[in-house]
Structure formats: C-alpha cells, structure tokens
Amino acid sequence: MKFSLIYEAQTVDSSRAGDRKVFDDTVEQAVLADQLGFDTFWCVEHTALSNYSHMSAPETMLAFVAGKTERIGIGHGVVCLPPAMNHPVKVAERIATLDLLSKGRVHFGVGKGGTQQEAGTFGYDLATLQPQIDEAMYLIPKMFVQDEIEHHGDFVQIPLRPIHPKPYQDPHPPMYLACTNTESLKRAGERGLGALVLGFGGPEEIAKKVAVYHEAWDTRELKDQVGFRPNRHIAALCPAIVLDDNQQARQIGIRGQRYFMESLSYWYAGGERPDPEKWKDDTFVDGNGQAVIKSRFASEEVTVDFSDPTMSMMNPNHAYGTVEDCIGYVQRLIDAGADEILFICQMGTVPQWAQLETLKNIGERVIPYFRGGKAAG
C-alpha cells in the first residue's frame, strides 16, 4: 500500500506574491513528506486555470523537488500530451533526464487536460484530442528503449533520429493514465497502465471504478499495451485535513473543498468564480433544510452532508478530522481496492500550518498504523 501527496498549486491569491507563496509552501511540504515516509510527490499539469491550478510547469517543480529530496517518488500526474503542449520527443527527453537525476524515482502519467480553456490555449478543440493523445502515449515509450526512432503518424512526424538520454529505470518509469470517467478507466486497464482516479465520490465510487479497471485489465490484449512495463495499479484521491481538533479539521477541510469545487466548476462548467470573502458559512441549504455542499467534479456528482454530527465523518467524501477519523476513511479506500492513497490538502483556502500539521499527523501516525509500526494513539 502506498501513501502519497498530489498538488495543483491551487491558490486564492493569483498575484505574483500569491504564486511565490503557493510554490514555496509546496516545496516545504515536499521536503517534509520526504522525511516523513510518504511514497510519491505528484504534480498535475494545467494551463490558464487561474486560482484552480497554477501548476503549469510540473517538470520544473518536480526537478526542483527531486534535487531537495532523497527518497520520495517524483510523479507526473499527468503530462498533457497534445503535441503543441508537449511534443513527444521533448516529453521523452524530460522524463528520462528527471529519472536519471532522481536515480529512478519517476512515475510517468499521461493525459490530455480537462478543459477547452486549456486546449484552446494551444489551438485545439478538446473534443478532438484523444487520437493525438493515443498516438503520443504509444510513441514515447519507444523512445525510451530504441536507439533511434522514426515515426510518420497522423499528428506527429519524426525523421530517423536518436533520442537521448535513456531513463534510469529499465525499460522506463511506470506509466499511468488520468482517469476521470468510465471510458478512461477501461482504456487504462486495456492498455496496461496504472489509473489515477478521482476520489471525491468516496469509497463506494472508488469500488465501482476499481471493478471497471480490473475487468478491463483481465480481458486486455498484449497488442494494446502502452510501453514495456505493465502497471496494474489504482491510485485514489483522498481529500484530507487531519488535526487534533476534529471540528476545526472539518471546518478547514470543508471550506477548502468548497473552494476547490467551485473554482473547478468555474473552468469546467461555467459556474461562478468562488469568492471566500463573501461566504457567510461553508454550506448551502437544500430544499429539505439540510446543510450540504453540492458540486460536480468532472464526471462525479458530489454531495457533502455534515448536518448530522454523528454521521459526518462517515460521509464518503471526506478524510477531515482526527488521526482516528483519517485511519477509518483510508481503510475504507483500501477495502474499496485502492493501491495508493493520493492525499490532497492543498485546497484553496487551507492555510499552510494546517497542511503541515496534516502531513505530520499522516506521516507520523496514519502511515505507521497501516505499516504496522505503531498504534494511532
């Protein structure tokens, strides 16, 4: 079982000072995570999504973090593969270089990006991108293992050329696919790729995704394999704020999650840009008078209901609370079939002190619990 962290560089403050702070804070957390025993430090890639994600150059962040750490994995979650965004040759060169410099710590995820806002920045129509992504994901691993490459495809033309360097890991780093819906889960399983899946829907949704993925894996054909290193692996997102004070953790976590979802909705679905200064509280009230947060995260409908204090931490959409609450939620994700937990605590309004305390509580008490080192108390 792996326990990792994933970062969007999400920030309420999109000024130069805000950018500097979110990147400084992220590096501080990465160094701490390395010391605490987390498995992988993952970074997304997004372009032109103000506030929601300023992680537009993950290759630079990951290289910087690799140089400041000793053992933690270095994860692209994921590299966007439209050629005008990241040409396949440059992707192969950068991944191999990072793998060499980190001495084999790279995890290589691929995808296409999630919004027309991003695709349009590079002159693309998002709806037409999948064939380009397919061509690139099959092509790049060949550059890792072949002395020379020649390719004449529908979207990429490469005359016979040697591509250097080759990665530290032989034949290449493990590969993953960003999975936001059923079709992408099937695609990951059919192609022998690890799956990086959403987790706001909770353990029940993760269990459904696990079933789809493994069914596709079990019926896959060798000719469909991407790369030369099959990677049967499901990593599930786990929003988490873990403090000694349960109520404070819930308040901070729910507020951060609201910002995360509303900023995402703004770019994905044309919702309103979130403005925490106008929030009177962190709830919406539905027609039955229940306090809830309702939003949509890509293909997942998400409802957070914490009106009943006795049930709030059983809600499948949170790992907000004490160490014991976090352990209980993580166990449910493990029982659902997750192979890796992708903790996310950098959500908009969450202060750095709460993120650092969350990392310490997970690293010093949650991870050792599952690895048999000591009890949670």
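1. A good place to start is a helix pair: helix 7 and helix 9 are roughly parallel to each other, because angles under 35 degrees count as such and theirs is roughly 20 degrees. Their axes come within 8 Å, and the crossing is right-handed. Please keep in mind throughout that this is a predicted model.

2. Here is who touches whom in that pair. Helix 7 (residues 203–218) brings Pro203, Glu204, Ile206, Ala207 and Val210 to the contact, while helix 9 (residues 323–336) answers with Tyr329, Arg332, Leu333 and Ala336. Sorted by class, the contact of helix 7 with helix 9 holds 7 nonpolar residues and 2 charged ones, with no polar residue.

3. Helix 9 has a second partner to look at, helix 10. The axes of helix 9 and helix 10 come within 10 Å and cross at roughly 50 degrees. That angle makes helix 9 oblique to helix 10, and this crossing is right-handed.

4. The residues in this second contact are worth finding in the viewer. From helix 9 come Val323, Glu324, Cys326, Ile327, Val330, Gln331 and Ile334, and they meet Asn361, Ile362, Arg365, Val366, Tyr369 and Phe370 of helix 10. The contact of helix 9 with helix 10 counts 9 nonpolar, 2 polar and 2 charged residues.

5. Helix 10 also packs with helix 1. The axes of helix 1 and helix 10 lie 10 Å apart, at an angle of about 15 degrees. That makes helix 1 roughly parallel to helix 10. Helix 1 passes helix 10 in a right-handed crossing.

6. On the helix 1 side, the contact uses Lys21, Asp25, Glu28, Gln29, Leu32, Ala33 and Leu36. On the helix 10 side, Gln352, Gln355, Leu356, Leu359, Lys360, Gly363 and Glu364 take part. The class count for the contact of helix 1 with helix 10 is 5 nonpolar, 4 polar and 5 charged residues.

7. Now to the pockets. The largest pocket offers about 750 Å³ of space. Of the 36 residues that line the largest pocket, Gly114, Ala178, Cys179, Thr180 and Tyr268 are the closest to its centre.

8. Which elements supply at least two residues each to the lining of the largest pocket? Among the helices there are helix 5 (130–145), helix 6 (182–190) and helix 8 (246–269). Among the strands there are strand 3 (73–80), strand 7 (175–179), strand 8 (194–197) and strand 14 (340–344). By class, the lining of the largest pocket has 21 nonpolar, 10 polar and 5 charged residues.

9. The second largest pocket holds about 210 Å³ of space. It is lined by 17 residues, and the closest to its centre are Thr11, Lys21, Val22, Asp25 and Gly348. Helix 1 (16–36) and helix 10 (352–370) are the elements that give two or more residues to the lining of the second largest pocket.

10. Helix 1 gives the most to the lining of the second largest pocket, with 6 residues. The lining of the second largest pocket divides into 6 nonpolar, 8 polar and 3 charged residues. Two names are worth a second look: Lys21 and Asp25 are among the residues closest to the centre of the second largest pocket, and Lys21 and Asp25 are also among the helix 1 residues that meet helix 10.

11. Some backbone details deserve a check by eye. A cis peptide bond joins glycine 77 and valine 78, with omega about 20 degrees. Valine 78 is found in strand 3, one of the elements that supply at least two residues of the lining of the largest pocket.

12. Where does proline 165 sit? Proline 165 is in the loop between strand 6 (157–162) and strand 7. A cis peptide bond joins proline 165 to histidine 164, and omega there is about -5 degrees.

13. One last backbone point concerns alanine 9. Its phi is near 55 degrees, a positive value in a residue other than glycine. Alanine 9 lies in the loop between strand 1 (2–7) and helix 1.

Key:
Residues numbered from 1 in each chain as written. Predicted model: local features only at pLDDT ≥ 70, side-chain atom pairs only at ≥ 80, totals over all residues. Heavy atoms only, no water. 1 Å grid on protein atoms, 1.4 Å probe; cavity = no way out; pocket = protein on both sides within 12 Å on 5 of 7 lines; lining within 4 Å. Points joined across faces, edges and corners; volume = space filled by probe spheres on them. Helix = DSSP H or I, 4+ residues; strand = E, 2+ residues; numbered from the N terminus. Nonpolar A, V, L, I, M, F, W, Y, C, P; charged D, E, K, R; others polar. Axes fitted to C-alpha atoms, helices over the stretch in contact; angles between N-to-C directions. Parallel < 35°, antiparallel > 145°, perpendicular 65-115°, else oblique. Left-handed = near helix turned anticlockwise from the far one by under 90°. Contact = heavy atoms within 4.5 Å.
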